[in-house]
Amino acid sequence: MAEKNQPISGNDLARFSGPGSFMRLPMVNGLKGLDVAVLGIPLDIGTSWRSGTRFGPKEVRSESAMIRPYNMGTGAAPFDSLQVADIGDLAINTFSLKESLKIIQSSYDAILNYDVMPMAIGGDHSITLPILRAMHKRYGPVALVHIDAHADVNEDMFGERETHGTVFRRAYEEGLIDPQKTYQVGLRGSGYTADDFKEAQGWGFQQFPARELWHRSLSTLGGEIRRDIGTEAPVYITYDIDSLDPAYAPGTGTPEIGGLTTPQAMELIAAFKGLNIVGCDLVEVSPPYDTSGNTALTGANILFELLCVLPGVKYR
């Protein structure tokens, strides 16, 4: 059995030095033998308000140097269980959203030819649509856990049908997701109309507004979602950092007050252990709006929590 990759220890090499990969894992060019491939998608031309998520992958990787390989809260030991490496960034077209989405889909088509689970660092939320298109080719309609302040079900934005705010309407229309197993957690804020969220409920989406989650543990909700989906259905998890209150994650493009807390995010993700997760992403980290680096640090830790609940992870 091949030896598993391990993050470089902070006792072997100072955390402020070393490779700029996720958790200072090996950077590789090939996918053979990997269980999990971490990749960056440095895109922000799908945003409607504040840009800057093109810098998200680099900053999330930088802040991830602080994370150690064992999850002391849950006992998860992902690097003893899975072969994980960083495969770098996709070469998107910084002048064309349409071409960039094609590049993302074709790249994922190639990745999914291997028995590997892709974990993407965004990038704005428009990246998830081409990812789901590629996932559908491999798995058919997937169950979707979408944690976000926004439902992202607009018909269009400025006449454009593919943006960060239209992703899940397109995914529903194209049959990429199972609407009866689609869960949107953390929705809040102001709307264009009083019925902004209601149409998606009619499609079958289950929605959990942030206001209904205030002052609550999300372990129960996560467990209910897990039981509803079951252990067989392929699941995609997309985590928008703006699901968190801007007190915890100010560095994002469209912040909304009254959001989730970081402990709630950790509880929710931990409850997904047992799901057949086939892919995930962390999107909308915009470093220029958080000079402390805290949003990227939080994003890196959310990715680590997701890594800890993937199929095959051992617990100690």
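Leaving aside residues within four places in sequence, Asp115 is in contact with Leu34, Asp35 and Arg138. In this predicted model, Asp115 lies in the loop that runs between helix H3 (97-111) and strand S4 (117-122), and because its relative accessibility is 67%, it counts as exposed. One of its contacts, Asp35, is 80 residues away from Asp115 in sequence, while the two C-alpha atoms are 6.9 Å apart in space.

That pairing across the sequence can be set beside the figures for the whole chain. Residues 24 or more positions apart supply 77% of the contacts in the protein chain that have a separation of 6 or more. The protein chain has nine helices and ten strands, and its C-alpha trace spans about 55 × 45 × 40 Å along the principal axes. For 316 residues, a compact globule would have a radius of gyration near 20 Å, and the 18 Å of the protein chain agrees with this. Of these 316 residues, 56% count as buried, and the accessible surface comes to about 13,200 Å², with 52% of that area belonging to carbon and sulfur atoms. As for charge, the chain carries 27 positive and 38 negative charges, whose mean positions are 5 Å apart.

From the whole chain we can turn to the segment that precedes strand S1 (36-41), where Ile8 is placed. Ile8 has a relative accessible area of 29% and is therefore partly exposed. Not counting residues up to four places away in sequence, Ile8 touches Leu13, Arg15, Pro19, Met23 and Arg24, and its C-alpha is 6.7 Å from that of Leu25, a residue 17 positions away in sequence. Met23, one of the residues that Ile8 touches, is found in the segment before S1 as well, but at 1% relative accessibility Met23 counts as buried.

The backbone of Met23 also deserves attention, since its phi is positive, at about 55°, although the residue is not a glycine. Most residues other than glycine have a negative phi, and most peptide bonds are trans. A further positive phi, near 55°, occurs at Asp152, again a residue other than glycine. Asp152 sits in the loop between strand S5 (142-147) and helix H5 (167-173), and with a relative accessibility of 9% it counts as buried. A departure of the other kind is the cis peptide bond that joins Gly122 and Gly123, with omega about 15°; Gly123 belongs to the loop between S4 and helix H4 (128-139).

What remains is the matter of the cysteines. A disulfide is a covalent bond between the sulfur atoms of two cysteines. With a limit of 2.5 Å between the sulfur atoms, the count in this model comes to zero disulfides. Why does Cys280 form no such bond? The closest cysteine sulfur to that of Cys280 is in Cys308, and because the distance is 11 Å, the two are too far apart for a bond. Seen from the other side, Cys308 is in no disulfide either, its nearest cysteine sulfur being that of Cys280. Cys280 counts as buried because its relative accessibility is 0%, and Cys308, at 1%, counts as buried too.

Conventions. Residues are numbered from 1 along each chain as its sequence is written. This is a predicted model: local features need pLDDT of at least 70, side-chain atom pairs count only at pLDDT 80 or more; totals for chains, interfaces and linings use all residues. Side-chain values use heavy atoms; hydrogens and water are left out. Helices (H or I, at least four residues) and strands (E, at least two) are DSSP runs, numbered from the N terminus. The radius of gyration is taken over C-alpha atoms; the globule rule is 2.2 Å times the number of residues to the power 0.38. Buried means under 20% relative accessible area, exposed over 50%, partly exposed in between (1.4 Å probe, protein chains only). Contact means heavy atoms within 4.5 Å. Accessible areas come from the Shrake-Rupley method with a 1.4 Å probe; for residues, only the protein chains shown count as cover. Lys and Arg count as positive and Asp and Glu as negative; His and the chain ends are not counted. The place of a charge is taken as NZ of Lys, CZ of Arg, CG of Asp or CD of Glu.
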